[in-house]
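I opened this entry to record what I looked up, beginning with overall form and ending with the contact between chains.

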Amino acid sequence: MISVIPIQHILILTTLMFFIGVYGFLTRKNLITILMSTELILNSAAINFVAFNKYYYQGEMQGHFFSLFIIAIAAAEAAIAIAIIVNLFRNFRSVNVEEVDKMKY
Amino acid sequence: MEFSNTIWIPALPLIMFVILGLFGKKMPAIVAGFLGTAGIGIACLLSLLTAGKYFLDNTSGQYSPVIAWNTEWLSFTENLHIDLGGLLDPISVMMLVVITIVSLMVHIYSFGYMKGETGFAKFYAFLSLFSFSMLGLVLAPNIFQMYIFWELVGVSSYLLIGYYYQKPSAVAASKKAFIVTRFADLGFLIGILILSFDANTFEFSGIISYVVQASQEAPAENAFAFCGLSALTWGLLLVFTGGAGKSAMFPLHIWLPDAMEGPTPVSALIHAATMVVAGVYMVARLFPAFEAAAPEALLVVAWAGAFSSLFAAVIACTQTDIKRVLAYSTMSQIGYMMCALGVASQIEIPGNAEPVTLGFTASMFHLFTHAMFKALLFLGAGSVIHAVHNNDLKGMGQLRKFLPITHLTFLIACLAIAGIPPFAGFFSKDEILVAAFENNIILFSIEYFVAGLTAFYMFRLYFSIFWGNETNCHHTPHEAPLSMTIPLIFLAIGSIGAGFVPFGSFVTSSGKGFEAHMHWEIALPSIGIAVLGIAIAMAMYMKPSAAPEKLASRAGLLYRAAFRKFYIDEFYEFMTKRFVFNLISRPIAWFDRNVVDAGMNAVATVTNFVSVRIKGLQSGQLQQYAFVFVSGAIALGIIFIYMWVQSGKM
């Protein structure tokens, strides 16, 4: 049953996921990989919602719905991000984040 | 009596100005000229009808002011509002007639004189603008409306002096005229503010009754006074400064001779007959206030007038430019009018029950007759210039054979201004001399001497043009066209007939007519000195002779000083260049460049420097931003955790 897994384990997992996402966001040069890192960050937050709901607020649904919203938003965001990346590629012939710096000063 | 149709007198020239200003370029010159002339012609007719109705239909013998129309134009508060209206009283009705007649004559005359000039329609548009402004000025029932139109006549004068805008001297003259009169108008404005602040109204009637009342009461202990004069007297004197600027009184006269750069009809209309007498008119309009604040205010008026008339007459004797002689003559005659107002105290006249202010009537009378003969002189001079294409007396002579009509009318005008009976100037000048004689014997002697000088310089002009040497001209001079001679003849008739108008029964300061008589004990000596002046001029200039040069070298210093206009222009130039520029303008320019501008520049430089330094933050590197954001978030997190731990919650 779920109760044999303490909540700390789940929180450690989500924390690791979150920082792996942040690390990927900061170090990867490929925009697609950066997008995947943001998904990791979002998902860690979604898991947290589900976990807290399950362990502390049994019988209520807000946490579940929040994670559903996060999934929906992540999907929409991915669609927009992919569209942006495609456009960037058309303009720069590259998806390297360091080369996309036209909007500086 | 109903006078609301007088609104059309200023409105018609305004409409013509708008039409000619907007569409003048597209219509043929003759149509433009005709439109302008028609506008002022109808206005002239209306003015004559108004004058007839006002003066002749009145059986009571008392001419009281009538507000013909009045609308609130700008409203600030209950008390502070500026109205536009039309005030009819003896002097404004008289001025309406003078302005529209002279303006009409100048409009007709300009058909011939300005023929073929570029901007013919523009000229008529400006003439219409001027006529409108001047008519609005004389009709003003409140001092603020007068000020508005006062500035408008200044603008139209500026535009017309600078009509030949490709000539640098004309441009300089128009600027000079505008700046000098504008400088004087500053005094006028301050005067208006003082008077209307105290009287709590802009209306002339309100201001006058306030000043009269205030001067009868004993001055309050805490009343404002400066240099021994009350605030009201200062207000009146400042208002007079504005009038002195417009009327070319010493020392603000320097613009008038230069204003002769404009076309000659303009000089006749603006700088002889109408605009330059605005100052006299304004003093006359406020005359009861000046009278009440006497003796200081009136004394200043009298001496400014007397000195200007003498000063200008001396200069006029030496000038060789035909129009400049006339300009100084104008200044001298306006000085006469001012002086007459200044000496207009109440005197007993035989045959009248009550004492009358003869000087007031005399001044207005002289204004009336002067407008006729001085406009005639200028138009005649224009006809001469038209014939020989030259302004300089030295190149003229013997023109009486070629210009018979101009010669005759010019002679009539010269006789009128010299004061020979039965021409108009004799009657008005006689009244002025009587008024001066009754008031102050020194002023009388100055004016008496100026009368002789006037006769001398006018006939010097006359003999130099029409007698003397042969004309030095490329072609035979020819008489002016009909459009120019008709106004000359009309004004010549005016110069003869105007003197017989019984002015005393119409135009007085109290509104009550009186019987004026000839004062032969003063008239005969004044005829004498005029004849003497003419005789001297005749001896010197009728035949070519060396007498003028001899006399000039005999007079030496005085002649040279008068020839250079007593170095007033040089003095002003010296003062402005040495003192105003060095002591005021340069420090202000320095302050502007080194404090105001430098302060702004410092702000800009600092901003620029800082932004160059920090613009590297905006690198365009997405991951750099993210790194900064994440590290900031972590740092904040650490801080909050630290504070949480410190607060002992854990």
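**Form of chain A**

I looked up the radius of gyration first: chain A has 17 Å, where a compact globule of 105 residues would have a value near 13 Å (taken over C-alpha atoms, with the globule rule being 2.2 Å times the number of residues to the power 0.38). I note that this is a predicted model, in which local features need pLDDT of at least 70 and side-chain atom pairs count only at pLDDT 80 or more, whereas totals for chains, interfaces and linings use all residues. Residues are numbered from 1 along each chain as its sequence is written, chains are lettered from A and ligands numbered from 1 in the order in which they are written, and side-chain values use heavy atoms, with hydrogens and water left out.

Along the principal axes, I found that the C-alpha atoms of chain A fill a box of roughly 50 × 25 × 25 Å.

For secondary structure I found three helices and zero strands in chain A, counting DSSP runs of H or I with at least four residues as helices and of E with at least two as strands.

I then checked burial, and 28% of the 105 residues of chain A count as buried, meaning under 20% relative accessible area with a 1.4 Å probe and protein chains only.

**Contact with chain B**

Turning to the contact (heavy atoms within 4.5 Å), I found 14 residues from chain A and 11 residues from chain B. Gln621(B), Leu622(B) and Gln623(B) lose the most area in chain B to chain A, together 47% of what that side buries, buried area being the accessible area (1.4 Å probe) that two parts lose on being put together, summed over both.

Technical notes:
Buried < 20%, exposed > 50% of the residue type's maximum accessible area, 1.4 Å probe, protein only.
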